[in-house]
Amino acid sequence: MLNESEGGGVALGALEGARSAAGEVKRWSSGRKKQVVLRLLWGELVDALLRELAVPIYRLEEWRDRALAGIDAGLKEGENDPVEKQRDDANWRIGELVMQVEILRKERQAKRPWVGRRSLR
């Protein structure tokens, strides 16, 4: 549960995760890690982040590498999806069939233009 300050807002410590007596974060939530990685990707200096967060550089690099791998996997996901391939094949086949129907309809109209029409008498 989040700690609320007197003003009705959320206390800063509640957003940063569980802290030990020394003040360091024991457990980093995925949301907080995401914010740190985004700051890295946006070009914030690593030295500044290291001082602010008191996290070893290898950990920051690990979070960044995992985030980039997740982005890659997410972008590739649709490319190899068998259901999406079946849907695309079905749409392509439907398009072919619609064209064939139109061609046959025009051929029939050209051979017998009065078939299916009522006479004016």
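What joins the side chains of Arg-39 and Glu-44? In this predicted model, the answer is a polar contact of 2.6 Å. Arg-39 sits in helix H2, and once its neighbours within four places in sequence are set aside, Arg-39 touches Glu-44, Leu-49 and Glu-52. So much for one residue; the fold comes next.

The protein chain is made of five helices with zero strands, so reading along the sequence simply gives α-α-α-α-α. Of its 121 residues, 12% count as buried. As for contacts between residues at least 6 apart in sequence, 21% of them join residues at least 24 apart.

Now for the interior. The largest nonpolar core is a set of nine residues, namely Trp-28, Val-36, Val-37, Leu-40, Leu-49, Leu-53, Val-55, Leu-60 and Trp-63. Two or more residues of this core come from each of H2, helix H3 (46-53) and H4. The top contributor is H2, which puts in three residues. This grouping can be set beside a general trend: nonpolar side chains in soluble globular proteins tend to be buried together.

Two members of the core are worth following through their contacts. Leu-60, leaving aside its neighbours within four places in sequence, is in contact with Val-36, Leu-40, Val-46, Leu-49, Leu-50 and Val-55. Trp-63 is part of helix H4. With the cut-off for burial at under 20% relative accessible area, Trp-63 counts as buried because its relative accessibility is 5%. Beyond its neighbours within four places in sequence, Trp-63 contacts Trp-28, Lys-33, Val-36, Val-37 and Val-55. For one of these partners, Val-36, the C-alpha atom lies 8.6 Å from that of Trp-63, although the two residues are 27 apart along the chain.

Glu-62 also belongs to helix H4, but here the surroundings read differently: Glu-62 is partly exposed, at a relative accessible area of 33%. Its C-alpha is 9.8 Å from that of Val-37, and 25 residues separate the pair in sequence.

Trp-63 and Val-37 turn up again in the lining of the second largest pocket, alongside Ser-30, Lys-33, Lys-34, Leu-38, Leu-41, Arg-66, Ala-67 and Ile-71. The space in this pocket comes to about 160 Å³. Helix H2 (30-41) and helix H4 (57-76) each provide at least two of the lining residues, and H2 is the biggest supplier, with six. Chemically, the lining splits into six nonpolar residues, one polar and three charged. H2 thus gives the most to this lining, just as H2 gives the most to the largest nonpolar core.

One backbone detail rounds off the picture. Ala-54 lies in the loop between H3 and H4, and its phi is near 55 degrees, a positive value in a residue other than glycine. As a general matter, most residues other than glycine have a negative phi. Is Ala-54 buried or exposed? The relative accessible area is 64%, which means that Ala-54 counts as exposed, given that the cut-off for that class is over 50%.

Note on methods: Residues are numbered from 1 along each chain as its sequence is written. This is a predicted model: local features need pLDDT of at least 70, side-chain atom pairs count only at pLDDT 80 or more; totals for chains, interfaces and linings use all residues. Side-chain values use heavy atoms; hydrogens and water are left out. On a 1 Å grid over the protein atoms alone, a cavity is a set of points where a 1.4 Å probe fits but cannot get out, and a pocket is an open set with protein on both sides within 12 Å along at least five of seven lines; lining residues have an atom within 4 Å of a point. Grid points are joined across faces, edges and corners, and a volume is the space filled by probe spheres set on the points. Helices (H or I, at least four residues) and strands (E, at least two) are DSSP runs, numbered from the N terminus. Ala, Val, Leu, Ile, Met, Phe, Trp, Tyr, Cys and Pro count as nonpolar, Asp, Glu, Lys and Arg as charged, and the others, Gly among them, as polar. A nonpolar core is a set of buried Ala, Val, Leu, Ile, Met, Phe, Trp, Tyr and Cys residues joined through side-chain atoms within 4.5 Å. Buried means under 20% relative accessible area, exposed over 50%, partly exposed in between (1.4 Å probe, protein chains only). Contact means heavy atoms within 4.5 Å. A polar contact is a pair of N or O atoms within 3.5 Å; within protein, one must be able to donate a hydrogen and the other to accept it, and residues adjacent in sequence count only if both atoms are side-chain atoms.
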